[in-house]
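Visitor: I should like a close look at a single part of this model, with the criteria stated as they arise.

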Amino acid sequence: MNRTDIDRVLVEKLSAQSAGCELRPELTQAIAERIGRNLSAVRPLRPFGYYAAGFALIFLAPIVAALGMLSTNGIARMSPAAIVLAFGALAICAALLAVSLAADMSPGSRRPAPSVVLTGGILLSLAAIFCVLLPYRTETSFWVQSGLCLQLGVVFAVPTAALAWGLLRRGAVLSPAMSGATAGLLGGLAGLAVLEIHCPDHNLPHVLAAHWGAALVCTAAAWLAGALMETRVRRA
Amino acid sequence: MSRYQQSDPAAPDALAASISPALLRFFRCNWASRDLAEDLLQETFLKIHRMRRSYRPGEAVLPWVYAIARNVRVDNYRRVRRIVEHEAAADVLPEAAGRNDGLESALEFDALVAQLPDAQREVIVMLKAAGMTVEEVARATSSTVGAVKLKAHRAYGSLRALLTSRAPRRIGKQEAAE
């Protein structure tokens, strides 16, 4: 039995009528009346690119602010190849997240990858890039330095994620948990970029715990907030 | 859909009449009883109404509608599961809402695809009953075209096994009747 045979069987079975599956006309009428009662004109969402550009700008805003407010010791200590690789990877990841977030605003939109895959993939690839690029050395003040950097990263990441969530809410979010995680990661990447520019400590444990850690913390917190919101909405 | 967004009074009727049968079948094929399927259909339309702003004119309507319908189905599944979990300690457990009832009276198509795993069934119903393309199914399920093709391929494998195993059984029954 090949595909054509199976298709033929399915079509035959589909076209066979059954009283059990016919739509009651009164149901269609009731639905039309119910939604027709509150009918008012709405302005549709703007084109996809408009929101994708909006998310990209939200990602860039804290980085531009950090360039004005903080020192650029981190980027000064990086080799040109490391700058291209690290910031190129960050730019690609941010662009993918911006497109994914713009897709989240309208159900059934085309997206680069499922949100779970995208979020997990980005976090893992960045960790892999850092592992390949950065040296491993033991530090004397690891916890203090990492704590300060983590704090700074989160300070830049949280408002970025909140702004992204604000823009996201202009559309229809079906899964607040995953959309929240995506917005959180966009904020986290902004925080990570700020730390890469500012922090001169490019030791692997420090970068993973504090810089990459800021992105991870922000993603997890945003996912949790979204999941709580989802549960509350479902129970209501 | 664009007329609906612009509050054309005839649009709700047209929308309900055009997509309701396929949506009802979508819910029926996913183990819902007739009553539950009708409830889910109404819930889907309320959600469509609330989210009508998020439809971008010029885009395909079916992926947008089915993404919402799928979300309603998943929400319902989680709600039912939570209720069943919370009521597990009761002496007499109520029947899970319409899991199997009406299966015999349902269309043969529904009964056949009901035997597929959830993910494969969803893809086959969208492809065959709703007439969507692979690309549209991928968009509705927040998946990729490759993943949808893989699920469809596996579903065809399962259907082949089901259909070929059914045929001899029917013959056997006929022989026994004779």
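Guide: What follows concerns one helix of chain A and its surroundings.

This is a predicted model, in which local features need pLDDT of at least 70 and side-chain atom pairs count only at pLDDT 80 or more, while totals for chains, interfaces and linings use all residues. Residues are numbered from 1 along each chain as its sequence is written, and chains are lettered from A in the order in which they are written.

The mean pLDDT (the predictor's confidence in each residue, from 0 to 100) of chain A is 90, with 97% of its residues at 70 or more.

Helix α5 of chain A covers residues 80-104; helices here are DSSP runs of H or I with at least four residues, numbered from the N terminus. Its 25 residues, at 1.5 Å a residue, should span 36 Å (1.5 Å times one less than the number of residues), and the end C-alpha atoms are 35 Å apart, which agrees.

Among the buried residues of α5(A) are A:A86, A:L90, A:C93 and A:L101; buried denotes 20 or more other C-beta atoms within 10 Å of a residue's own, with C-beta atoms placed from the backbone. The buried residues of α5(A) pack against α3 (48-69), α6 (115-133), α7 (142-168) and α8 (176-198) of chain A.

A:L101 is also one of the contacts (C-beta atoms, placed from the backbone, within 7 Å) of A:A164, which, leaving aside neighbours within four places in sequence, include A:F55, A:I58 and A:L186. Of the elements of chain A, α8(A) has the highest mean pLDDT, 96, and α2(A) the lowest, 81.

How values were computed. Helix = DSSP H or I, 4+ residues; strand = E, 2+ residues; numbered from the N terminus. Buried ≥ 20, exposed ≤ 12 C-beta atoms within 10 Å, placed from the backbone. Contact = placed C-beta atoms within 7 Å.
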